Amino acid sequence: MTAQRRNAFLLRAGSLLAFLAIWQWYGSDPIHFATPPPTDVFPALWEGLTEGGLLKSTAGTLLTLSVGLVISIFFGLIIGFAVALFPWARNTIDPLIDAAYAMPVTMLIPVIGVYTGLDFRGRVFIVITYVLLVIVISTSTGVRDVPRDLLETGRAFGLRGRELWRAVILPSAMAHIASGISTGVARGIRGAITAELLLIAADLGAYILDAQARLLTDQLLAGILWTLLLGYVLYAAALWLERRLLRWRTLGDLS
Amino acid sequence: MTTVVEPAKAAKPRRRATDNKWVQRAIVWGALLVIYELLAIALGDFYLATIEDIVGGFIQVVEDGRLKTVGESLEHLLVGFALAAAVGIPTGVAMGRSFIVDSVVGMYVRGLFVTSLAALLPLLIILFGVGFKFQVAVVFLFSVFFVIVNAAAGARDVPRNLIRTGEAFCVSPLRRFTSIVLPSSLPYIVVGLRLAIANAYTGMVLAELWVGVGTGGILKNMGQNRDLPKFFAMVVLITALAAFSSHLIRVLERRLMPWADEVRA
C-alpha cells in the first residue's frame, strides 16, 4: 500500500514536471506568443498577488460566491424539505426542477441586468441560478432516502415525530445535504466567474479581461491559472470540511 | 346487485380527485402560469412578456429563419460533443483500468472537472480566433471532463469476480476488455454522456454569447433590444432541445443496452 502510494506520488510529480517542461518548451517559441512560458507566468502571478490587486479581486469574487451560497442554501433547504415531505409539492415541483436543470442558465445573462442590476446583485443572482437546484435536489433525496432499517430501529426504540426526525432522519439526510453543498461550492464558483466575465467585468473576471484587452498574455495566463486553482482549492476545502463534519457517521460503522 | 357493491366501495379509503398527480400538476402549473401572466401584465412588456406574446414571438422566430442559425449552432455542438466522446471515453476507461494512467492524467482531469472553465475563454479566443474552432473547443472543454470522470468510474467498478472468471477461463486480455470491461462500464459512460450534453449546451451558449454569433448572438441582440417575446421563445426552444438531447441518449441506452439497469443496481 505504501509502495503504491509512493509510486502514485512519483508519477504525479513526474507528470507535473513534464507538463511544466512541455509548457516551457512550447511557450518559449516566439511563434506561440499567446502562451508565454511558466518562467514568465509565475513571476506575473507573484506580481499580481503582491501589488497587482489580484488578492482584492479574489476577495470580491469570494464575497459574491458566499452571499450566493448562503441564499441558495437557505431557500434550497426549504424547497428541498417541501418536495420531500408533501406529495403535492413532489408531484408538481419535481418535473419543474428537472426542466430547470436541463436549461443552460447562461442564456439568461443578456436579460438579467434589467431585473437585478449589472453589479453585485446580478452576479449573486447568477451564482444562485447555478447553485440552488443542486441544494434542492440533494436535500429532497437525502430526506426521502433515509435507510429503512434506520427508520425501523428508531421506531423500535419508541421514537416518534419530532424525536425520530432529530435522531434519525436529519442526521441521515445531512450526508446528502453536505455533499450537495460541496457540489454547490464548485458550481457556485463557476457561476461567479461566468457572471464576472459575461455580465459585466468585475473582480477576477475583470482582472482576466483587462489582461486580455491589453494583450498582457503573461498576466492573462496568471489570472486564468489563479482562477482555476481557486475553484479547485475551494472544492477540495469543501470536501475536506464535509468529511470532517460527518466523521461521526463512520465511527460506529461496523459494516 | 348495487346493494352488494356499495358497502365494499365505501369500505375503501375514499380516493379524491386531487390525489392524482396530473390533477395536482394541472392545478399548480396552471396557477403558476396565471401568476406569471398577471405579473407580466402588471409589470409591462419591458420586464416580462405575456404567454401569448411568447407564442407569437416563437412564430416570429420561426418566420425570421432563426431556426437555421440554431441548426448551425447545433452542428458546432455536435462536433464538439463527438470529439469529447471520442477523446473522453478511451481516456476515462484507461484511467479506470490503469493505475499509471490515473496517476499521470487523473489530477488534471479532476482539477478541471470541478473548476471554472469559463476563465479559459479569453485564452481560447487568442488561440483559436472567434470562429468555428473556438466554439467547438469550448463545447469540447465543457463536456469532455464529464465523459472522462464517469467512464473512469465505470471502468473502475467492473465486478472483480467477472474478470477473475474471465482469467480462469483463459480469455485473452482483448476479449476480456471487449466482453467484460466495456459492457459493464457502458452504463456509466452513458450517464457521463448525458451530463456532458447538458454542459455542452452551456458551453455552446457561453461561447456564442461571448463573441456574439449564432444562437448566443441572437439571444444577446434580443436581450439588448428588450425583444422579450422572442427572447423567451428562444430560451424555451433551447431548453427543450437540451432536455430532448439528454432524453434521446437515455432512450438509446434503453434500446441498445437492456442490461444497463441491472449494472446500475
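A residue is called buried if 20 or more other C-beta atoms lie within 10 Å of its own, and exposed if 12 or fewer do. Keep that cut-off handy for these exercises on a predicted model.

**Exercise 1. Decide whether Ser103(B) is buried or exposed, and find what it touches.**

Step 1: Locate the residue. Ser103(B) sits in helix H5 of chain B, which covers residues 99-114.

Step 2: Count the neighbours. There are 20 other C-beta atoms within 10 Å of Ser103(B), so the residue is buried.

Step 3: List the contacts. Leaving aside residues up to four places away in sequence, Ser103(B) touches Ala8(A), Leu11(A) and Arg12(A).

**Exercise 2. Describe the side of chain A that touches chain B.**

Step 1: Start with the totals. Chain A has 36 residues in contact with 40 residues of chain B.

Step 2: Find the elements. On chain A, those giving two or more residues are H1 (2-28), H4 (87-102), H5 (109-116), H8, H9 and H10 (217-245). The largest share, eight residues, belongs to H10(A).

Step 3: Sort by class. This side of chain A divides into 26 nonpolar, eight polar and two charged residues.

**Exercise 3. Work out how H3(A) packs with H9(A), and how H4(B) packs with H10(B).**

Step 1: Choose the descriptors. Two packed helices are described by the angle between their axes and the distance between the axes.

Step 2: Take the pair in chain A. Helix H3 (residues 54-85) and helix H9 (residues 203-213) of chain A have axes 6 Å apart at an angle of about 135°, and are therefore oblique to each other. From H3(A), the contact uses Leu54(A), Ser57(A), Thr58(A), Gly60(A) and Thr61(A); from H9(A), it uses Asp203(A), Leu204(A), Ala206(A) and Tyr207(A). By class, this contact has four nonpolar, four polar and one charged residues.

Step 3: Take the pair in chain B. The axes of H4 (residues 66-97) and H10 (residues 214-224) of chain B cross at roughly 135° and come within 7 Å, which makes H4(B) oblique to H10(B). Here Arg66(B), Thr69(B), Val70(B), Glu72(B) and Ser73(B) of H4(B) meet Gly214(B), Thr215(B) and Ile218(B) of H10(B). The classes are two nonpolar, four polar and two charged.

**Exercise 4. Check the span and bend of H8(A) and H7(B).**

Step 1: Test H8(A). Helix H8 of chain A (residues 161-198) has 38 residues, yet its end C-alpha atoms are only 48 Å apart, short of the 56 Å a straight helix would reach at 1.5 Å a residue. In H8(A), a kink of about 40° lies at Ile169(A), shortly before the proline Pro171(A).

Step 2: Test H7(B). Helix H7 of chain B (residues 132-156) has 25 residues and reaches 36 Å from its first C-alpha to its last, close to the 36 Å expected. H7(B) still bends by about 30° at Ser143(B).

Step 3: Look at the surroundings. Of the 25 residues of H7(B), 21 are buried, so the helix is largely enclosed by the rest of the structure.

**Exercise 5. Place two residues with positive phi, Asp203(A) and Leu215(A), and judge their burial.**

Step 1: Asp203(A) has phi near 45° though it is not a glycine. Asp203(A) lies in H9 of chain A and, with 24 C-beta neighbours inside 10 Å, counts as buried.

Step 2: Leu215(A), also not a glycine, has phi of about 55°. Leu215(A) lies in the loop between H9 and H10 of chain A. With 11 other C-beta atoms within 10 Å, Leu215(A) is exposed.

Note on methods. Residues numbered from 1 in each chain as written. Chains lettered and ligands numbered in written order. Predicted model: local features only at pLDDT ≥ 70, side-chain atom pairs only at ≥ 80, totals over all residues. Axes fitted to C-alpha atoms, helices over the stretch in contact; angles between N-to-C directions. Helix = DSSP H or I, 4+ residues; strand = E, 2+ residues; numbered from the N terminus. Parallel < 35°, antiparallel > 145°, perpendicular 65-115°, else oblique. Contact = placed C-beta atoms within 7 Å. Nonpolar A, V, L, I, M, F, W, Y, C, P; charged D, E, K, R; others polar. Expected span 1.5 Å × (residues − 1). Bend = angle between axes of the 7 residues up to and from the residue.
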